[in-house]
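Ready for some practice in reading a protein structure? Keep the model open beside you and try each task before looking at its solution.

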Amino acid sequence: MNKKYLVFNWKMYPKSLKEADNLLKMYKEATRGIDPKGLGVVMAPPFLYLNELARKTSSEKIAFSGQDCFWEKEGPFTGEISPLMLKNVGCNYVILGHSSRRQDLGENDEMINRKVKAALKERLKVILCVGEKDSYLEDKNSYLEVGRQLKANLKDVSASSLGDILVAYEPIWAISTSPGACPQDPNQALSSILYLRKLLAQMHSRKVADKSKILYGGSVDSKNIKEYFGQDGIDGVLVGGASLNGSEVIKIFDQIKV
Ligand code: PGA
């Protein structure tokens, strides 16, 4: 069975633990009928709520993820969270390289690469976000940008570790908060993903590239999720904005249940 993934990135929402708790209830309801062997569901709430939400979730149908981590285990790094700390509060995943961190906080490829390696060392699975600023329909060099990110972020990461990485291809212009955002056409998303697979084949082997999981992200909601999930070469989606609305989350699962 080709396992697919649904990753929910809550970003810096909601405002209180109570709201987060209510949202979690909707996720539990939404995931009731799913088969975790065929569908991996990953929820990435803000750090502050992780401990409590993970503690209240015994279901093997929902895995938890941090939205970032630092590259050291512990030390005098004000404001940072280590991969080990995430592990210790019940996370199995961490999102790294999200475009908002790259763009708004100046995270560069080298920093992301250090984080990827540190997270893998701690046996966290990595959701590595890569994506171009402008559509390649407008700028042919856009492809190069995503390729550069992928190669630099996975520098010195072994082929065997790639099994612990979900690449989330998220064109920045398609992310719902970008000005004038619209979801990328699913066929175009597929060709970008094929391009990333080709790069992975160059970096490792065709076999490794074919086995690698590559997701699409950018304005996915209950109305369009099927178009991405239905593509053989797309291994799932990363949902941002729509993950904060409980009834929308239920509709998203309804769309992909077979
Ligand atoms: P979006 O966010 O689904 O709201 O476009 C995706 C993301 O930023 O990860």
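**Exercise 1.** In this predicted model, find which residues of helix 6 are buried, and work out how they are arranged around the helix axis.

*Solution.*
Step 1: Go through helix 6 and pick out the residues with under 20% relative accessible area. You should get Ser142, Val146, Gly147, Gln149, Leu150 and Asn153.
Step 2: Now look down the axis of helix 6. The buried residues fall within an arc of 160 degrees, so they line one face of the helix.
Step 3: Check the length too. Helix 6 covers residues 142-153, twelve in number, and its first and last C-alpha are 17 Å apart, close to the expected 16 Å.

**Exercise 2.** Decide whether Cys91 is buried or exposed.

*Solution.*
Step 1: Locate Cys91 in strand 4, which runs over residues 91-96.
Step 2: Its relative accessibility is 1%; buried means under 20%, so Cys91 counts as buried.
Step 3: Look for Gly66, which is 25 residues away from Cys91 along the chain, with 6.9 Å between their C-alpha atoms.

**Exercise 3.** Describe the surroundings of the ligand, beginning with the polar contacts.

*Solution.*
Step 1: Use the cut-off of 3.5 Å between N or O atoms. A polar side-chain atom of His98 sits 2.8 Å from a ligand oxygen. For the side chain of Glu170, the distance from an N or O atom to a ligand oxygen is 2.9 Å. Gly240 uses a backbone N or O atom, 2.8 Å from an oxygen of the ligand.
Step 2: Consider the cover. Alone, the ligand exposes 280 Å², and the protein buries 99% of that.
Step 3: Sort the shell by class: three nonpolar, seven polar and two charged residues. Among the residues around the ligand are Asn9, Lys11 and Ile175.

How values were computed:
Residues numbered from 1 in each chain as written. Predicted model: local features only at pLDDT ≥ 70, side-chain atom pairs only at ≥ 80, totals over all residues. Heavy atoms only, no water. Near = heavy atom within 4 Å. Polar contact = N/O pair within 3.5 Å; in protein donor to acceptor, adjacent residues only side chain to side chain. Areas by Shrake-Rupley, 256 points an atom, 1.4 Å probe, with all protein chains shown as cover. Nonpolar A, V, L, I, M, F, W, Y, C, P; charged D, E, K, R; others polar. Helix = DSSP H or I, 4+ residues; strand = E, 2+ residues; numbered from the N terminus. Expected span 1.5 Å × (residues − 1). Buried < 20%, exposed > 50% of the residue type's maximum accessible area, 1.4 Å probe, protein only. Arc of directions from axis to C-beta.
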